[in-house]
Amino acid sequence: MTMHSLIRSYGKPLTSLFVCLTAFWLLVMIALPQAFMIEHSLWHIDRDDQLGMKIDRAYSEMGLVEYDLKAAKTEKVRAEFQTRIDALKAQIAALEAQETEPPKIYGIHNYTKMSELHFTIFLKSIVFALMVTVLALVVCYPMAFTIAKLATPYKAALMMLGLIIPYAINELLRVYAWLMILDYQGVINSALAWLGLVSFEAKTWVPFLENPGSVFVALIYAYVLFMIFPIYNTVETLDKNQLEAAKDLGASTWKTHMRIVIPHAKPGIAVGCIMTFMLSVGSYSVPQIMTRGKSGDWFSQLIYRQFFESQNWNTGAAYSFSLVIVCLAFILIMMKSFKVGIRDIAK
């Protein structure tokens with residue numbers, strides 16, 4: 001909708017209010033936080049570990065010179081000692097100022113200092129998020145198509161309610177529910193113990209939490225609606241006559257989906273993949289709860305530690321912006337792969 005159509009529909013005062021609120025939202029909630037993060041990621045504080053020792057040595061030297069000043073016999077010697085004292089005072093003041101407010105050094109130091117271990121975790125998190133996205137697409141596409149085209153209105157409503165109602169519960173509670181299901185003495189292992197397949201006493205339970213698959217399951221469940229709804233919205237707009245025509249012409253189910261449904265649903269698939277990937281790669285609570293540190297960190301956990309445990313906001317900002325760059329690259333790749341534009345995605 002263009003500005004002229006907005007003015008015709010709502011009038012200039014209301015349109016101006018909409019524009020101002022939108023600009024305020026973009027500036028305060030998106031642009032400024034990102035600019036703050038980028039700025040912090042591009043500098044680091046150059047702290048000298050030997051600074052305290054240098055200050056102590058300067059004070060000790062000044063004490064000796066002051067002692068010599070008191071014992072000086074001539075005015076010339078006193079002047080020399082006083083000059084040295086003034087120089088030491090200036091040196092101490094400069095060192096103390098450097099200790100209080102160390103200089104900022106701008107550059108890409110925070111990006112290049114990522115250790116090999118952290119870089120491996122970075123790549124692993126991206127690969128895992130891609131796997132979650134693919135699995136979510138495989139699981140959600142048939143569900144979205146069934147709800148949109150195959151189910152009766154009553155059954156479609158029940159299926160949608162079954163998907164939406166769990167989202168009335170807090171995300172953490174839903175993740176903890178999966179933790180109780182997959183825990184060492186959780187629902188599944190308890191059932192296996194009842195069948196005699198595992199033993200709690202011998203600790204022969206199945207270690208689900210030590211496998212990244214437990215995180216995949218929880219992530220797919222946590223973000224399933226972000227994959228289903230975009231696909232459902234696009235598939236629902238597909239004319240059923242096209243499906244019936246394909247069936248009448250003898251097209252198989254596979255060909256019908258590949259040549260009719262999927263090309264029509266490309267924008268929804270792209271949006272679903274983008275949302276699922278971004279939420280998965282940036283998720284902190286799900287890997288933290290589901291792994292308990294048993295199957296290695298995700299990159300989001302490293303970012304959390306840089307900010308809140310190491311108090312190293314500069315490195316944390318660099319790590320965060322690296323993840324933002326990956327998400328932007330993924331968006332561009334999806335748009336290129338599915339041949340959709342911003343307007344197609346916005347629909």
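Axes here are lines fitted to C-alpha atoms, for helices over the stretch in contact, and the angles between them run from 0 to 180 degrees between N-to-C directions. With that in hand, let us walk through this predicted model, starting with the whole chain and then turning to helix H5.

**Overall picture**

The protein has 17 helices and 2 strands. Its radius of gyration is 31 Å, well over the 20 Å that the globule rule gives for 347 residues, so the protein is more spread out than a compact globule. Along the principal axes, the C-alpha atoms fill a box of roughly 115 × 75 × 35 Å. Of the 347 residues, 37% count as buried. Sequence separation adds another view: among contacts between residues at least 6 apart in sequence, 72% join residues at least 24 apart.

**Helix H5 and its two partners**

Helix H5 spans residues 116–150, and its crossing with helix H13 (residues 266–281) is a good place to look. The table sets this pair beside the pair of H5 with helix H6 (residues 153–164).

| Helix pair | Axes come within | Crossing angle |
|---|---|---|
| H5 and H13 | 9 Å | roughly 140 degrees |
| H5 and H6 | 8 Å | roughly 140 degrees |

Take H13 to begin with. Its axis and that of H5 cross at roughly 140 degrees, which makes H5 oblique to H13. The crossing of this pair is right-handed. On the H5 side, the contact is made by Ser125, Ile126, Ala129, Leu130, Val132, Thr133, Ala136 and Leu137, and on the H13 side by Ile269, Cys273, Thr276, Phe277, Ser280 and Val281. By class, these are 10 nonpolar and 4 polar residues, with no charged ones.

Now for H6. H5 and H6 are oblique to each other as well, and their crossing is left-handed. Here Met143, Thr146 and Ile147 of H5 meet Ala156, Met159, Met160 and Leu163 of H6. This contact divides into 6 nonpolar residues, 1 polar residue and no charged residues.

**Helix H15 and its cover**

H5 and H13 turn up again around helix H15 (residues 299–308). Of the 10 residues of H15, 7 are buried, so the helix is largely enclosed by the rest of the structure. Which residues of H15 are buried? They are Phe299, Ser300, Gln301, Leu302, Ile303, Gln306 and Phe307. What covers them includes H5 and H13, together with helix H14 (285–291) and helix H16 (313–338).

Definitions and conventions:
Residues are numbered from 1 along each chain as its sequence is written. This is a predicted model: local features need pLDDT of at least 70, side-chain atom pairs count only at pLDDT 80 or more; totals for chains, interfaces and linings use all residues. Side-chain values use heavy atoms; hydrogens and water are left out. Helices (H or I, at least four residues) and strands (E, at least two) are DSSP runs, numbered from the N terminus. Angles under 35 degrees count as roughly parallel, over 145 as roughly antiparallel, 65 to 115 as roughly perpendicular and the rest as oblique. A crossing is left-handed if the near helix is turned anticlockwise from the far one by less than a right angle, and right-handed if clockwise. Contact means heavy atoms within 4.5 Å. Ala, Val, Leu, Ile, Met, Phe, Trp, Tyr, Cys and Pro count as nonpolar, Asp, Glu, Lys and Arg as charged, and the others, Gly among them, as polar. The radius of gyration is taken over C-alpha atoms; the globule rule is 2.2 Å times the number of residues to the power 0.38. Buried means under 20% relative accessible area, exposed over 50%, partly exposed in between (1.4 Å probe, protein chains only).
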